Amino acid sequence: MDGARRVIRLVRPDGSEPRALRHQGDWHDDPSWSPDGMRLVYTAGRQPQEMRAAVYSLRRDEEVYWGGESGVGLM
């Protein structure tokens, strides 16, 4: 938690170099790595009841919602 936000942070195995990922929304849960270790997929949204699937590219340092910005949520 970061104040009223729930963010995802990357940290090296030894605990050094923590950094929060740049997110569009305020809530982010359930991260899972891609097989190549270059992307994270997780649920994201502006409020907990508006969660959507998001992918974070470490190469591009950007978050993209699956399905675009259509507002389609997860059930």
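**Exercise 1.** Which residues are linked in a network of salt bridges? Work from the predicted model.

*Solution.*
Step 1. Apply the cut-off: a side-chain nitrogen of Lys or Arg must lie within 4 Å of a carboxyl oxygen of Asp or Glu.
Step 2. Test Arg19 against Asp61: the closest N and O atoms are 3.8 Å apart, and the pair forms a salt bridge. Arg19 belongs to strand 2 (residues 19-20), while Asp61 sits in the loop between strand 5 (52-57) and strand 6 (62-65), so the contact joins distant parts of the chain, 42 residues apart.
Step 3. Test Arg22 against Asp61: their closest N and O atoms are 3.3 Å apart, again a salt bridge. Here the separation is 39 residues, with Arg22 in the loop between strand 2 and strand 3 (27-33).
Step 4. Combine the pairs: Arg19, Arg22 and Asp61 form the network.

**Exercise 2.** Classify the accessibility of each network member, Arg19, Asp61 and Arg22.

*Solution.*
Step 1. Exposed requires over 50% relative accessible area, and buried requires under 20%.
Step 2. Arg22 has 54% and is therefore exposed.
Step 3. Arg19, at 37%, is partly exposed. Asp61, at 27%, is also partly exposed.

**Exercise 3.** What is the distance between the closest N and O atoms of Arg12 and Glu17, and how accessible are the two residues?

*Solution.*
Step 1. The closest N and O atoms are 3.0 Å apart, and the two residues form a salt bridge.
Step 2. Arg12 has a relative accessible area of 46% and is partly exposed, whereas Glu17 is exposed at 56%.
Step 3. For the whole structure, the search finds 5 salt bridges, including Arg12 with Glu17.

How values were computed:
Residues are numbered from 1 along each chain as its sequence is written. This is a predicted model: local features need pLDDT of at least 70, side-chain atom pairs count only at pLDDT 80 or more; totals for chains, interfaces and linings use all residues. Side-chain values use heavy atoms; hydrogens and water are left out. Buried means under 20% relative accessible area, exposed over 50%, partly exposed in between (1.4 Å probe, protein chains only). Helices (H or I, at least four residues) and strands (E, at least two) are DSSP runs, numbered from the N terminus.
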